[in-house]
Amino acid sequence: MLKAERLQKIVEQVAKDNKVILDDLSQLLNVSTDTVRRDIKELSDKGLLKAVRGGAIVGSPVHPHFKERQHIDTQQKKVIAQKALEFIKPGLVLLVNAGTTTTAVISALPKDISLTVITNSFPVVSILEDYPNVNVFFIGGQLNKPAFSTIGYETIEAIRNFRADVCLLGICSIDLKVGITGFTYEESLVDRAMIETSKYVIALSTYDKIGVSDPYYVCAANAIDALITEKDPSLADLDGFKDAGIMIK
């Protein structure tokens with residue numbers, strides 16, 4: 001297969017499935033993973049897709065709507081949610097940002113748990129309506145329709161009135177050198193405020209978001225205390241994060 005044919009095939013697979021895995025492409029195209037990795041980098045540099053760890057995703061200039069994202073990587077998010085539950089103890093004050101992964105964690109909470117939850121996420125608030133022992137503070141502000149959340153000055157100022165025990169932070173991307181970055185400027189500012197007002201910060205990320213970056217800076221990688229992915233920590237290549245003092249789950 002010619003290189004041009006390979007590149008076209010990769011673009012078609014990403015458009016079809018929204019993501020591609022390095023090993024799967026290697027088998028499909030009958031070339032080495034190193035060759036596929038170089039092809040993906042070339043396509044990513046041209047803006048035709050976005051290279052991520054272990055593959056590539058759609059390089060859309062528009063962040064997908066919450067309704068679309070909630071159907072992506074659902075099994076991985078369930079694994080992350082179960083791991084996150086180990087950190088959530090009765091009586092804690094939780095600060096929860098908007099996102100499909102944080103929503104998955106809240107959905108997995110025991111119905112009888114006693115907590116205080118502060119959030120700017122409409123889906124999180126909707127879930128917690130059925131939790132009799134959870135005290136909920138919903139942070140107002142400007143409506144961010146694609147994320148079902150609030151953003152803006154009022155949101156950030158409201159966050160600064162709290163001191164949370166734990167922040168559950170769904171992230172767009174994290175890189176040891178670049179740090180945590182976001183897809184939109186306004187959401188990145190909200191996330192930064194949440195980190196600054198929390199005693200312990202847990203970043204929630206599917207493995208493909210590690211080692212990549214987005215346009216807007218949130219914080220340094222070592223500003224978080226723990227990083228939870230769907231991978232087995234002993235098998236994932238995350239030693240650099242461990243060396244930076246970040247707990248890996």
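Two residues are taken to be in contact when heavy atoms of theirs lie within 4.5 Å. With that in hand, a good place to enter this predicted model is Phe 66, which belongs to helix H4 (residues 66–69). Leaving out residues up to four places away in sequence, Phe 66 touches Gly 99, Thr 100, Thr 103, Pro 123, Pro 146, Ala 147 and Phe 148. One of these partners, Ala 147, is 81 residues away along the chain, yet its C-alpha atom is 5.1 Å from that of Phe 66. The relative accessible area of Phe 66 is 5%; the cut-off for a buried residue is under 20%, so Phe 66 counts as buried.

Helix H3 (residues 33–45) offers a view of two contrasting sides. Its buried residues are Thr 35, Val 36, Asp 39, Ile 40 and Leu 43. Seen down the helix axis, these fall within an arc of 135° and therefore line one face of H3. That buried set packs against helices H1 (3–17) and H2 (22–29) and strands E2 (50–52) and E3 (55–57). On the face turned away from the buried side, H3 carries the exposed residues Arg 38, Lys 41 and Asp 45. After H3 comes Gly 47, with a positive phi near 80°.

Turning to the interior, the largest nonpolar core holds 30 residues, and Leu 95, Ile 174, Ile 180, Ile 224, Leu 227 and Phe 241 have the most contacts inside it. Helices H8 (153–159) and H9 (185–196), together with strands E9 (164–170), E12 (198–204) and E13 (216–219), each supply at least two of its residues. H9 gives the most, with four. Another core, of 26 residues, lies apart from this one and includes Val 96, Ile 106, Val 134 and Ile 228.

Technical notes. Residues numbered from 1 in each chain as written. Predicted model: local features only at pLDDT ≥ 70, side-chain atom pairs only at ≥ 80, totals over all residues. Heavy atoms only, no water. Core = buried A, V, L, I, M, F, W, Y, C linked by side-chain atoms within 4.5 Å. Buried < 20%, exposed > 50% of the residue type's maximum accessible area, 1.4 Å probe, protein only. Arc of directions from axis to C-beta.
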